[in-house]
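Reader: Could you take me through one part of this model in close detail? I'd like to start from a single residue and work outwards from there.

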Amino acid sequence: MKKTGIWLDKNKALIVTIDENIEHLNTVSSNIEHYNPQGGSGTRLKGGPQDVVQDSKYLAREKQQLKKYFNQIAKEVINTDALVIFGPAETNERFAKELNKNYSVLSTKIKGVEKADSMTDNQVKAWVREFFKSN
């Protein structure tokens, strides 16, 4: 039985696959641009010209980049028998929703969506081992 654990945030995904007690760790980079607006006034005069920050443009671009990132991860784990998704913030939950929406066969294999802090590679492997040992 092939068991897979995915730790992910917006920067990278660590995919741990356990197949017949052999572990493999694969890293997928997201290539998502980090949006950091540098708005403000272009002059010292009150009411002078100001830079306009186009939030919607950046958010739409980030959404497309996230979708591409999630598709890349899904292709890596498509042949798994059991899947757990974990990580900080809400990226793991967004990935689970994407699987429900576009990868229904893969979404049925999800055994859990958990919160977890940043971890080293070895901590991620140990977390996945413990999760499948207890479930």
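Author: Thr91 is buried, with a relative accessible area of 5%, and that puts it under the 20% cut-off for the term. Keep in mind that this is a predicted model. Thr91 sits in helix H2, which covers residues 91-102. If you skip the neighbours within four places in sequence, the contacts of Thr91 are Leu8, Asp9, Lys10 and Phe70. Two of those names, Leu8 and Phe70, are worth following up.

Let's take Leu8 to begin with. It belongs to strand E1, residues 2-8, and its relative accessible area is 0%, so it is buried. Leaving out residues up to four places away in sequence, Leu8 touches quite a list: Ala13, Tyr69, Phe70, Ile73, Ile85, Phe86, Gly87, Pro88, Thr91, Asn92 and Phe95. So what is the C-alpha to C-alpha spacing of Leu8 and Ile85? They are 7.7 Å apart in space, with their positions 77 residues apart in sequence. Contacts like that fit the wider picture: of the contacts in the chain with a separation of 6 or more, 61% are between residues 24 or more positions apart.

Now for Phe70, which Thr91 and Leu8 both touch. Phe70 is in helix H1 (residues 55-77), and it pairs with Phe95 in H2, 25 residues away, so the pair ties together distant parts of the chain. Is that pair stacked, tilted or edge-to-face? The ring centres are 5.3 Å apart and the planes meet at 55 degrees, so it counts as tilted; edge-to-face would need over 60 degrees. Both Phe70 and Phe95 are buried.

That ring pair is part of a broader meeting of two helices. On the H1 side you have Leu66, Lys67, Phe70, Asn71, Ile73 and Ala74, and they meet Thr91, Arg94, Phe95, Glu98, Leu99 and Asn102 of H2. So Thr91, our starting point, is one of the H2 residues in this contact. Sorted by class, the contact has six nonpolar, three polar and three charged residues. As for geometry, the axes of H1 and H2 are 10 Å apart and the packing angle is about 75 degrees. Since 65 to 115 degrees is the range for the term, the two helices are therefore roughly perpendicular to each other. While you're looking at H1, check Lys57 too: it lies over the face of Tyr58, at 5.6 Å from the ring centre.

Going back from H2 along the chain, you get to the loop between E4 and H2, where Ala89 lies. Ala89 isn't a glycine, yet it has a positive phi of about 55 degrees. Most residues other than glycine have a negative phi. Ala89 is partly exposed, at 49% relative accessibility. Asn31 also has a positive phi, near 60 degrees, and its place is in the loop between strand E3 (22-29) and H1. With a relative accessible area of 66%, Asn31 is exposed.

Carry on back past Ala89 and you're in strand E4, residues 82-87, where Val84 has its place. Is Val84 buried or exposed? At 0% relative accessibility, it counts as buried. Val84 lies 8.4 Å from Lys3, C-alpha to C-alpha, although 81 residues separate them in sequence. Beyond its neighbours within four places, Val84 is in contact with Thr4, Gly5, Ile6, Gly112, Glu114, Trp127, Phe131 and Phe132.

The last three of those contacts, Trp127, Phe131 and Phe132, lead to another group of rings: together with Phe86 they form one aromatic cluster. And Phe86, you'll recall, is among the residues touched by Leu8. Inside the cluster, Phe131 and Phe132 make an edge-to-face pair, 5.4 Å centre to centre with 85 degrees between the planes. Phe131 is buried at 9% relative accessible area, and Phe132 is buried at 10%. Across the whole structure, a search finds five aromatic pairs.

To set all this in context, the chain has four helices and five strands, running β-β-β-α-β-α-α-β-α from the N terminus on. Buried residues make up 33% of its 135 residues, and Thr91, where we started, is one of the buried ones.

Technical notes: Residues are numbered from 1 along each chain as its sequence is written. This is a predicted model: local features need pLDDT of at least 70, side-chain atom pairs count only at pLDDT 80 or more; totals for chains, interfaces and linings use all residues. Side-chain values use heavy atoms; hydrogens and water are left out. Rings of Phe, Tyr and Trp (its six-membered ring) pair if their centres lie within 6.5 Å; planes under 30 degrees apart count as stacked, over 60 as edge-to-face and the rest as tilted. Buried means under 20% relative accessible area, exposed over 50%, partly exposed in between (1.4 Å probe, protein chains only). A charge sits over a ring if NZ of Lys or CZ of Arg is within 6 Å of the ring centre and within 35 degrees of the ring normal. Axes are lines fitted to C-alpha atoms, for helices over the stretch in contact, and angles run from 0 to 180 degrees between N-to-C directions. Angles under 35 degrees count as roughly parallel, over 145 as roughly antiparallel, 65 to 115 as roughly perpendicular and the rest as oblique. Contact means heavy atoms within 4.5 Å. Ala, Val, Leu, Ile, Met, Phe, Trp, Tyr, Cys and Pro count as nonpolar, Asp, Glu, Lys and Arg as charged, and the others, Gly among them, as polar.
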